[in-house]
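Student: I should like to go through the terms used for this structure and ask what justifies each of them. Could we begin with the packing of helices?

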Amino acid sequence: MTDLSDRQKLGYIASQAADARLNVELETEGMTLNIGPQHPATHGTLRIICRLDGEQVVWAEPSCGYMHRGYEKLTEVRTFPQVTTLVNRIDWLGSFANEVPFILAAEKLMEIEAPPRAQVIRTILFELSRIANVSLFLGDLGVQMGAITPVFIAFRDREYVLNLIESATGGRFHPNFDRIGGLKDDLPAGWIDETRQVMVKLREFCDIIEDLLFGNEIFQSRTRGIGIIPADIAKDYGLSGANLRASGVDYDLRRDQEIAMAWDKADFKVWTHPDGDSFARCWVRLQETRESCKIVEQLLDQIPAGPVMTKVPRIIKVPEGEAWVATENPLGVMGYYVVSKGDLGPFRVKIRTPSFNNISIVPWALKGVYVPDIITILASLYFILGDIDR
Amino acid sequence: MGLVANGRMPASLTKLFNISRSYSLWVYQWGLACCAIEMGAAFGSPRYDVMRLGVIPLPASPRQADFVCVSGTVTDKMAPAVKRLWEQMPEPKYAISMGSCANCGGPYWDSYSVTKGVDQIIPIDVYVPGCPPRPEALLEGIVLLQQRIKNEDMAAKWRGEDYTSLQATNSERNAAKVAASFDADVESAEQQSSSSDPIVVGGGPVE
């Protein structure tokens with residue numbers, strides 16, 4: 001074979017390869033890949049069963065229920081003030097935001113409204129819990145793609161927010177601060193100035209994350225154009241929050257509904273992104289954190305004087321009726337449908353949590369993607385297991 | 001090993017082993033619910049840097065871990081997985097139960113789907129109460145676990161016994177000597193051996 005020309009050599013190799021193809025059937029083999037129930041990328045205990053063809057997913061299904069704690073049944077044996085203790089723990093990263101819709105639903109049934117001061121403080125704490133939630137998402141995003149540094153920065157700066165929540169409410173994680181008719185306490189002295197300083201730090205945090213992560217070439221190549229969810233599909237699956245806005249749908253309950261909160265006093269922008277890919281979802285959340293800082297800073301100047309609690313009876317009995325209240329929580333639209341029969345506790349509570357709908361798109365979004373992209377798509381969809389399974 | 005063939009080991013060697021073991025603990029993070037975030041704050045954040053205690057929070061699998069930190073609500077659906085991963089861990093292994101849910105069910109004490117305490121499934125060495133506990137509380141739990149490891153009689157573990165502290169073994173031996181010579185009772189030894197009970201951070205009974 002030494003005296004053959006290059007052209008002849010190539011021809012020889014090609015004929016050998018053709019023989020090999022005839023002899024061996026070059027087929028990919030199907031395989032089932034089980035992710036979870038304990039996996040760092042699932043933020044808890046979600047199990048995803050993927051059927052692979054080579055490196056591509058042909059079928060994927062999330063299997064939830066590993067964190068099912070029976071909230072809807074437990075609320076039936078609790079009194080109304082006790083329910084807030086439970087619902088705190090649904091979305092454990094932004095706990096205060098879980099209490100607000102339930103309390104608003106109970107107030108709607110009792111036909112009372114919190115005083116203006118309580119409404120503004122509620123909104124501030126709501127946005128702080130949104131920052132606490134999304135800042136951890138921004139840090140965790142790097143870990144999913146092999147970058148460790150952002151999570152240290154996120155935990156460092158998240159502590160400032162948790163300190164604020166703790167000094168105002170007494171609870172670092174689960175404040176349990178909301179009461180039917182107002183708030184448990186007023187803000188402590190010096191809290192407002194401290195919050196202003198923290199907001200400056202959080203803006204710096206957003207800038208750092210944007211430089212470190214969103215400007216990173218690896219991050220962009222792993223998220224841009226991957227996991228695209230068009231607007232109509234997103235609407236069909238009932239997505240909400242940043243996942244929906246990243247698909248170009250301009251929908252935010254903070255702006256779009258009349259509710260006894262103070263968002264109408266603040267001037268903020270609802271960010272959308274036309275692409276609908278993983279990058280867009282992360283980017284929208286980053287911008288939302290900045291908007292939350294803006295809302296908090298504006299509302300700090302507008303806290304009215306007055307009481308933080310209206311007059312409510314010592315033993316709260318909610319009159320008979322049904323009420324539905326939904327708010328724009330850190331993860332999306334969260335709502336409570338409360339049915340009361342005039343007792344101390346609710347007769348039935350239906351909890352609409354955003355993550356449950358957000359992961360219902362996983363079988364659609366994971367179809368045809370490559371295995372490394374599973375993790376980035378799941379990370380960008382951003383769910384919390386307590387929020388899925390309840 | 002000639003040293004442990006008869007189930008005994010020199011005390012000085014035991015102490016050396018125990019100090020080495022207690023300062024190179026690889027923890028498997030079993031984050032389940034809210035407490036997982038506080039555990040992440042304790043293990044992964046710069047403020048509560050856990051590596052200064054000699055704890056390495058990043059083993060890739062339970063097969064490389066020395067102790068497991070079960071943090072969060074264990075549901076009946078999750079319980080078989082907890083048990084299975086515990087069985088995959090090599091001996092000697094320890095467990096920390098973090099948070100009220102893992103200790104006893106916590107706020108879900110009357111829920112139909114929650115396991116009321118992970119100690120029904122795996123043996124727990126240290127309980128950290130709280131809902132969720134602060135990261136400082138978890139760090140204290142780890143320090144207490146290190147003290148427990150330092151005081152452990154490894155030979156007893158190799159013989160297949162439950163946790164036995166060095167003090168208990170020594171006082172048992174002394175008591176046996178005393179009983180042989182003076183025919184006295186061994187009540188004092190029994191009181192000493194109660195240190196094999198699990199530890200609760202901040203004191204209080206185990207529920």
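Tutor: We may. The model is a predicted one. In chain A, the axes of helix α5 (residues 116-144) and helix α15 (residues 371-381) come within 10 Å and cross at roughly 175°.

Student: Why is α5(A) called roughly antiparallel to α15(A)?

Tutor: Angles over 145 degrees count as roughly antiparallel. The crossing angle of α5(A) and α15(A) is roughly 175°, and that makes the pair roughly antiparallel.

Student: Which residues of α5(A) and α15(A) meet, and what is the class make-up of the contact?

Tutor: A:Phe137, A:Leu141 and A:Gln144 of α5(A) meet A:Ile375, A:Ala379 and A:Ser380 of α15(A). By class, the contact has four nonpolar and two polar residues, and no charged ones.

Student: Let us turn to the sheets. What makes β1 and β3 of chain A edge strands?

Tutor: The sheet is open and has three strands in the order β1-β2-β3 (chain A), with antiparallel pairing. β1 (30-35) and β3 (56-63) of chain A each have a single partner strand, so one side of each is left without a neighbour in the sheet. Direction ignored, neighbouring strands of this sheet are turned by 20° against each other on average.

Student: How do you know that β2(A) and β3(A) pair?

Tutor: Two strands pair if DSSP finds at least two bridges between them. Strand β2 (residues 47-53) of chain A and β3(A) have seven bridges, in the antiparallel sense. A:Ile48 stands opposite A:Pro62 in β3(A).

Student: What packs on this sheet?

Tutor: Helix α15(A) does, touching β1, β2 and β3 of chain A. The direction of α15(A) makes about 150° with that of β2(A).

Student: And the sheet of β6, β7 and β8 in chain A: which strands stand at its edges?

Tutor: This sheet, too, is open, with three strands in the order β6-β7-β8 (chain A) and antiparallel pairing. β6 (321-329) and β8 (348-352) of chain A stand at the edges, because each has a single partner strand. The average turn between neighbouring strands here is 10°, direction ignored.

Student: How many bridges support the pairing of β6(A) with β7(A)?

Tutor: β6(A) and strand β7 (residues 332-340) of chain A pair over nine bridges in the antiparallel sense, and the criterion is at least two. A:Gly321 has A:Ser340 in β7(A) as its bridge partner. Helix α4 (residues 95-110) of chain A lies across β6, β7 and β8 of chain A and runs at about 150° to β6(A).

Student: What makes α12(A) a mostly covered helix?

Tutor: A residue is buried when its relative accessible area is under 20%. In α12(A), 20 of the 23 residues are buried. This helix (residues 278-300) reaches 34 Å from its first C-alpha to its last, close to the 33 Å expected at 1.5 Å a residue.

Student: Why is A:Thr223 called buried?

Tutor: The limit is under 20%, and the relative accessible area of A:Thr223 is 0%, so A:Thr223 is buried. A:Thr223 lies in helix α8 (residues 217-223) of chain A. Leaving aside neighbours within four places in sequence, A:Thr223 is in contact with A:Met145, A:Asp277, A:Ser278 and A:Phe279.

Student: Why is A:Glu111 called exposed, whereas A:Asn176 is called partly exposed?

Tutor: Exposed means over 50%, and partly exposed lies between that and the 20% limit for buried. A:Glu111 has 72% and is therefore exposed; A:Asn176 has 22% and therefore counts as partly exposed.

Student: What makes the backbone of A:Glu111 and A:Asn176 notable?

Tutor: Most residues other than glycine have a negative phi. Phi of A:Glu111 is positive, near 60°, and phi of A:Asn176 is positive, near 55°. A:Glu111 is in the loop between α4 and α5 of chain A, and A:Asn176 in that between α6 (149-169) and β4 (178-179) of chain A.

Student: Which peptide bond in chain B involves B:Pro92, and which involves B:Pro132?

Tutor: Most peptide bonds are trans. The bond joining B:Glu91 and B:Pro92 is cis, with omega about -5°, and the bond from B:Cys131 to B:Pro132 is cis with omega near -15°. B:Pro92 is found in the loop between α3 (79-88) and β4 (94-98) of chain B.

Notes:
Residues are numbered from 1 along each chain as its sequence is written. Chains are lettered from A and ligands numbered from 1 in the order in which they are written. This is a predicted model: local features need pLDDT of at least 70, side-chain atom pairs count only at pLDDT 80 or more; totals for chains, interfaces and linings use all residues. Side-chain values use heavy atoms; hydrogens and water are left out. Axes are lines fitted to C-alpha atoms, for helices over the stretch in contact, and angles run from 0 to 180 degrees between N-to-C directions. Helices (H or I, at least four residues) and strands (E, at least two) are DSSP runs, numbered from the N terminus. Angles under 35 degrees count as roughly parallel, over 145 as roughly antiparallel, 65 to 115 as roughly perpendicular and the rest as oblique. Contact means heavy atoms within 4.5 Å. Ala, Val, Leu, Ile, Met, Phe, Trp, Tyr, Cys and Pro count as nonpolar, Asp, Glu, Lys and Arg as charged, and the others, Gly among them, as polar. The expected span of a helix is 1.5 Å times one less than its number of residues. Buried means under 20% relative accessible area, exposed over 50%, partly exposed in between (1.4 Å probe, protein chains only).
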